[in-house]
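Here's a quick briefing for anyone opening this entry for the first time. Have a look at the sequence and the structure, then read on.

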Amino acid sequence: MKTSKFIVKYFDLIRIISAVIIGFLLALVFLFFVSDDPLNAIKTFILGPFASKRRFFNVIELAIPLLFTSLGMCFMLKVGEFNLIVEGGFMLSGAVVAWLASTALPPGIPPVIFPALLIVVGALVGMACGLIPALLNIKWKANVVVVTIMLNYVLTFASTYILRYWMRDTSVTYLGSHKLAQNAKLHTLLRGTDLHTGIFIAIAAVLFTWWFLNRTTKGFEIRVTGNNRSFAKYVGINVASSMLLAQMIGGALAGVGGAVEILGKYDRFLWVNQTGYGFTGLMISVLALNQPAAIPFVALLFAYLQIGANIVGTTTDVPSEFVMVIQAIIILLVAATLFMESLRKRAVIKLSKVEGEVK
Amino acid sequence: MEEQILLMDNITVIYPNGFAANKNVRLACNRGSIHALLGENGAGKTTLMKVLFGSITPTEGQIYLKGKPIQFRDSLDAIQHGVGMVHQHFMLVDELTVAENLVLGMEPKKRGLFDFDAAVKITDEIAKKYNFEIDARAIVGDCSVAVKQKLEILKALLRGAEILILDEPTAVLTPQEISELFVELKKLRDMNHTIVFISHKLNEVKSLCDSFTILRNGQVVDVGRIDDFTEQELSNLMVGRQVSFEISKDAPKSEGRELLRVQNLHYTNYEGKQLLKDVSFSLTDGRILGVAGVEGNGQNELSEIITGLRRFSKGDITIDGSSIKNRTVRQIRRLGVGSISEDRMTYGCAPNMSVRDNIIADRYFTGKYSKGIRLDIKAIQKDTNALIKQFDVACPSPDSMAGMLSGGNIQKIIAAREFSSDSKIIIANQPTRGIDVGSSEFIHSQLIKMTREKGASVLLISADLNELIKLSDSIIVMYNGEITAYFEDASKVTDVELGEYMLGVKKMSTEEIGRALQQ
């Protein structure tokens, strides 16, 4: 009786934790097959991220861009649109910001003002990226998924165009931009790590997202629109404008993320391929059931998995890509709505029978 | 001895949300009889029939057909075993002819191609056999509801149905069509078919059925022969308490202020079909105006136009003196229009949002509940808690998801929102469809209260003629997008009379209809 009640109440949480555990276990099985020294690989994977101060902070550093992209995705999914532009928006914003910081703007702009300005520019770039698919969708009913998948390529190539023709440093042998102005960069917080002040911006973004969606009239409109568009129309909500707003904010968050990442962790702009942060952000938001309060925890989990996998990749005979097995299994299990449904069903039936007898 | 053709024994169905729709239900039917399955909305009738038709697998229980235990895999399996069902919502292809619909899935073929003439022949034969009158070559989309229903019954019979389930077949019919249907059903019974007749209209059950099973809250409360019980006894069993069929209301206290005026309204949809033709009527404060009509004769369009969801082509509508032309839904709502939609899950609520959010969905932006873009959570909590209490919404907490509640409770949430916003006009489109008797009574009393105490007007659109006649002060009838009758005093109208206008058999003179619009 008590267990049944518990199962029904916390079913979503139980389901996700089970999915994570199963994903882990299967990955371990996988490691046994591909590694000559599986026990070492497993140990490195699980404990590696805690083995040194640098590695531990690597996890937190990686969580920062993931937070921005997943919060951006959260806005998209809340309004009911599968807008994947956070991937491309993140990258293009990074490129534009890097161009401004390395080449276009004078390096003498005072410290705090310089990065603040660049982050605002990043937000605007991301916002514009979010606006395009939203407008195409509202005006001509263009499918957002298709538009954004294709548009992401356009944005990727636009970014590399900026890199190659606007800010490439020909004095280095690899493809990279000129050095970013020192004044433009975000400060490092801890000696011996790369943890930078962007963490505060990320935390602020989490609080903003929670507050905006749950405590403002515009957030309310976004939630109603995403939940039931016909109902939103019927109570007089301007559906088109809340769709537009949500996707602009989602894009802006991705843009801020791109700017913060570049200014916090890089000396030069080096991205030539999609970063993948956008798609990981999508996974995080789905796994967090689009709850802004749950997103930081899931983002940390994903960062932990990725860092563990990187360490495994560099110190053992297993390639770091195996972590994708875990991610894929977790997402697969969470997305499969019937996963563990029989457990819930049994609990529900038990409960309803007991209640029936009481009556 | 009568042969027991069907036995459903100890059926229990628990839905994934934990709702026990059927609890240890037993249903037995004899061959060649009409068995009534009675119960309020939500009592579990439809669920039980879905089990019989193979669309739901019961949590527990066994079905016996002609004495043999059987388990249907799906509806197709049920059909093959001679069980046919006519749903409340017809499963027909509107673009095809009657004959094509009838043979769908078992088409006669000639040289590998569909043989339309053979299909017509099959249709004519089966119609003749069962004495149904139907035009095999008519396009289904152009047919009346009654014809579509006949077609559905023939479809089941053609597939060899011995047991025919009819789920509230009379809900959409006029009194004339109902009596025609009953003649045909009795003929089927005499030809040794078994019919399970689901209804909550007891006068119909009395005149048609032989035996009955009554469900209440998913359990069987009584079984017996119809002749041994009076209508009142049956209804008391159904509801579980003494019910009065009377709705008490005072005479309207109208100051003669015109709150709604619809003048020469035309509406043509994007396909170019004219759905409203020159509709004119007015509604003064404190009165309820009923709109009768077979579904699909323009009533939905009318309600959507008045609430701003659709734009009208020609004419004008004024709310308390101001025209609603080119106004948005929100602006119209601010003029004082509240509305209850016929489709509560689509237009009435956001199922995955809390009860509280659903109640404030039309007013969250007002100064009372927000400052700038910030929501005032305390004010919202205080007022919604009071409304939940006042409107008697049964929910575990104000934060529960609306979609987890029963239909009646969702309708109460809608009422709590629409009746509490100082509305001058309520557009109530099928406000009690598919909800239990208790909730219906509550909605009725609220509608009366709105008009008698608060001086609001109600435009009541309903397919339930009983409800319409009892609640309304005046009634207009719509047929084919036009007003075909206006009755100044609703208490002097009978349902049969309304039926004649609803079917388009009769039409009042322009002058008589014109009186609906006060000058």
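Two residues are in contact if their C-beta atoms, placed from the backbone, lie within 7 Å. Keep in mind that this is a predicted model. With that in hand, we can look at how the parts meet.

**Two domains in chain B**

- The domain assignment splits chain B into domain 1, covering 4-239, and domain 2, made up of 258-336 + 422-514.
- Measure from centre to centre over C-alpha atoms, and domain 1 of chain B sits 32 Å from domain 2 of chain B.
- Where these two domains of chain B touch, domain 1 brings 10 residues and domain 2 brings 12.
- On the domain 1 side of that contact in chain B, you'll find five nonpolar residues, four polar ones and one charged one.

**Where the chains meet**

- Between the chains, 21 residues of chain A are in contact with 29 residues of chain B.
- Three helices of chain A each give two or more residues to its side of this contact: H9 (217-227), H10 (229-234) and H15 (341-358).
- By class, the chain A side comes to eight nonpolar, eight polar and five charged residues.

**A closer look at A:Phe212**

- You can find A:Phe212 in helix H8 of chain A, which runs over residues 198-215.
- Is A:Phe212 buried or exposed? A:Phe212 counts as buried because 20 other C-beta atoms lie within 10 Å, and the cut-off for buried is 20 or more.
- A:Ile222 is 10 residues away from A:Phe212 in sequence, and their C-alpha atoms are 9.8 Å apart in space.

Conventions
Residues numbered from 1 in each chain as written. Chains lettered and ligands numbered in written order. Predicted model: local features only at pLDDT ≥ 70, side-chain atom pairs only at ≥ 80, totals over all residues. Domains from an automatic or database assignment. Nonpolar A, V, L, I, M, F, W, Y, C, P; charged D, E, K, R; others polar. Helix = DSSP H or I, 4+ residues; strand = E, 2+ residues; numbered from the N terminus. Buried ≥ 20, exposed ≤ 12 C-beta atoms within 10 Å, placed from the backbone.
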